[in-house]
Amino acid sequence: LSANTTYYVRAYATNSNGTGYGNEISFKTGLSIGSYYAGGIVFYNDGVGHGLVCAESDQSPYAAWGCEGTAFGTSTAMHTGAANTNAIVAGCTEAGIAAKLCYDLSLNGYTDWYLPSLDELNFMYHNLYTQGLGNFEQGFYWSSSENDSNEAWLESFPNGYQGCYNKSYTTRVRAIRAF
């Protein structure tokens, strides 16, 4: 099947009494993981035309998560990175923090970039990094998911280890966006 294509199918059966037809159904294939689309590299698709892409390169090799001592009520779940980023940016005025770097990014005609949640970051690791795709550096990458008011989640791109580190720790940042 071709990527990002709508297909229509209809079952039928023929016997001595004639031919009978079932209902027509349609489905859309997703975009290929690692392909370029909507301003970035596809690392997740839902098979119905929506998904997530990441920027082609890091936004910073050394950015703090920021606002140690403040809790924002973020989530680790898929599709929560944008809400997490908005909450962090609204509540933290520190310059140069990971979420703000993504929030302020204007890249390839898009301005709706954000810092991925832990689960979104994990999809980038498994679907791109482990396949040699995405131009990732070896090292830790921040997620927009916090553990508590002092620590946030990150993931190691040499081995997939996920852990919590102090929000003042500096490490890599890679922005994503939904399509």
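This report describes the cores, helices, strands and one buried arginine of a predicted model.

## Nonpolar cores

The largest nonpolar core has 26 residues. Trp65, Ile88, Leu115, Trp142 and Val173 are the residues with the most contacts inside this core. Two or more residues each come from helix 1 (81-91), helix 2 (98-103), strand 7 (140-146) and strand 8 (151-156). Helix 2 gives the most, with three residues.

A second core, separate from the largest one, has 16 residues. Phe43, Tyr141, Phe157 and Ile176 are included in this second core. In soluble globular proteins, nonpolar side chains tend to be buried together.

## Helix 1

Gly81, Asn84, Thr85, Ile88 and Val89 are the buried residues of helix 1. Viewed down the helix axis, these residues fall within an arc of 125 degrees, so they line one face of helix 1. The face turned away from this buried side carries Ala83 and Ala90, which are exposed.

Helix 2, helix 3 and strand 7 are among the elements that cover the buried residues of helix 1. One of those buried residues, Ile88, is also listed among the residues with the most contacts inside the largest core.

## Helix 3 and the open sheet

Helix 3 (residues 118-127) has Leu118, Glu120, Leu121, Met124 and Tyr125 buried. Their arc around the axis is only 165 degrees, which puts them on the same side of helix 3. The helix lies across strand 4 (40-45), strand 5 and strand 11, and runs at about 105 degrees to strand 4.

Strands 4, 5 and 11 belong to an open sheet of four strands, in the order 3-4-5-11, with antiparallel pairing. Strand 3 (36-37) and strand 11 (176-178) are at the edges; each has a single partner strand, so one side of each is left without a neighbour in the sheet. Between strand 5 (residues 51-54) and strand 11, the antiparallel pairing extends over three bridges. Cysteine 54 stands opposite isoleucine 176 in strand 11, and Ile176 is included in the second core.

## Strands 7 and 8

Strand 7 and strand 8 form a hairpin, with four residues between them. The two strands run antiparallel and are joined by four bridges. Tryptophan 142 stands opposite leucine 154 in strand 8.

Strand 7 is mostly covered, and seven of its seven residues are buried. On one side are Phe140, Trp142, Ser144 and Glu146, and on the other are Tyr141, Ser143 and Ser145; both faces are covered. Two residues from these opposite sides appear in the two separate cores: Trp142 is in the largest core, while Tyr141 is in the second.

## Arginine 172

Arginine 172 is found in strand 10 (residues 170-173). Its relative accessibility is 17%, and residues under 20% count as buried, so arginine 172 is classed as buried.

The side chain of arginine 172 makes a polar contact with the side chain of aspartate 58, at 3.0 Å. Leaving aside residues up to four places away in sequence, arginine 172 touches Asp58, Ser60, Pro61, Glu137, Gln138, Phe140, Tyr141 and Trp142. Of these, Phe140, Tyr141 and Trp142 are buried residues of strand 7, with Phe140 and Trp142 on one side and Tyr141 on the other.

Methods: Residues are numbered from 1 along each chain as its sequence is written. This is a predicted model: local features need pLDDT of at least 70, side-chain atom pairs count only at pLDDT 80 or more; totals for chains, interfaces and linings use all residues. Side-chain values use heavy atoms; hydrogens and water are left out. Buried means under 20% relative accessible area, exposed over 50%, partly exposed in between (1.4 Å probe, protein chains only). The arc is that of the directions from the helix axis to the C-beta atoms. A nonpolar core is a set of buried Ala, Val, Leu, Ile, Met, Phe, Trp, Tyr and Cys residues joined through side-chain atoms within 4.5 Å. Contact means heavy atoms within 4.5 Å. A polar contact is a pair of N or O atoms within 3.5 Å; within protein, one must be able to donate a hydrogen and the other to accept it, and residues adjacent in sequence count only if both atoms are side-chain atoms. Two strands pair if DSSP finds at least two bridges between them. Axes are lines fitted to C-alpha atoms, for helices over the stretch in contact, and angles run from 0 to 180 degrees between N-to-C directions.
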